[in-house]
Amino acid sequence: MKLTVLTVNLHKGFGFFNRRFILHELREAVRAVSADVVFLQEVLGEHELHAARVPTWPQTPHYEFLADSLWSDFAYGRNAVYPQGHHGNALLSKFAITRHVNHDVSVDGPERRGLLHSVLRLEDGRSLHAICVHLGLRESHRQHQVERLCQLINSLPMDEPVIVAGDFNDWRQRAHKMLSRCAGLAEVFVKAYGAAARTFPSRWPLLPLDRIYVRGASVQNPIVLPRQPWSHLSDHAPLAAEIRL
């Protein structure tokens, strides 16, 4: 069995410098990839001020607006909460999501982070674990969060495949060895090409911040999606890959 996965940081639905609301364009670009499972970071669940100010603001949460009729199931993990609303990670799936849990991996301070763990029921009845990740900006925070991620993965049945994707903020590329050693994960670009994909900033990618890791699965054709139209839709270049289970 094979499926296509996509991971993209939505930058809360706004373009560079937060000048223009582009969620409708993002939806069309995400739909064009035709991915079976979509991992989303920086997704707005609610924002009262933007909703009152932006004429084209959706009536539903952004993850539900993006799912539309193409992805039958979706899950949302609220991480950052503030007076105007909240944002976090989300997963869109063409397979049924049987359960999901958002694990709070925040470290002391204002930066709130989570691991959104969804269990998908595949067409053949097997379970697939999809974990959407957005790690912290500080190295010490990321080390703690990677350890928590390893603990989560090691608690899962070894015979059930796992896909972990998202924004790791790991510009020093220290997560690969930790996740391979402690959880048996393989990063798809490292496995295919020998190096992680450069994704940030999307217009001139220099830093390999975004990743797709797998366990119990093989990968074909991992790609960084082209600059057009993505370079003006997100500050991170999206990644896609074909996963074989």
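Two exercises with worked solutions follow, on strand β7 and on D210.

The model is predicted, so local features need pLDDT of at least 70 and side-chain atom pairs count only at pLDDT 80 or more, while totals for chains, interfaces and linings use all residues. Residues are numbered from 1 along each chain as its sequence is written, and side-chain values use heavy atoms, without hydrogens and water.

**Exercise 1.** Determine which strands pair with β7 and in what sense.

*Solution.* Step 1: locate β7 at residues 127–134; strands are DSSP runs of E of at least two residues, and helices are runs of H or I of at least four, numbered from the N terminus.
Step 2: find the partners, where pairing requires at least two DSSP bridges. Strand β6 (residues 114–121) is antiparallel to β7 over seven bridges, with L115 opposite V133. Strand β8 (residues 162–167) is parallel to β7 over six bridges, with H129 opposite V162.
Step 3: examine the β6–β7 connection. The two strands form a hairpin with five residues between them, and G125 in the turn has a positive phi of about 95°.
Step 4: assess burial (under 20% relative accessible area, 1.4 Å probe, protein chains only). Seven of the eight residues of β7 are buried, so the strand is largely enclosed by the rest of the structure.

**Exercise 2.** Identify the side chains with which the side chain of D210 makes polar contacts.

*Solution.* Step 1: place D210 in strand β10 (residues 210–215).
Step 2: list the polar contacts (N or O atoms within 3.5 Å, one able to donate a hydrogen and the other to accept it; residues adjacent in sequence count only if both atoms are side-chain atoms). The side chain of D210 contacts those of T199 at 2.5 Å and H236 at 2.8 Å.

Methods:
Buried means under 20% relative accessible area, exposed over 50%, partly exposed in between (1.4 Å probe, protein chains only).
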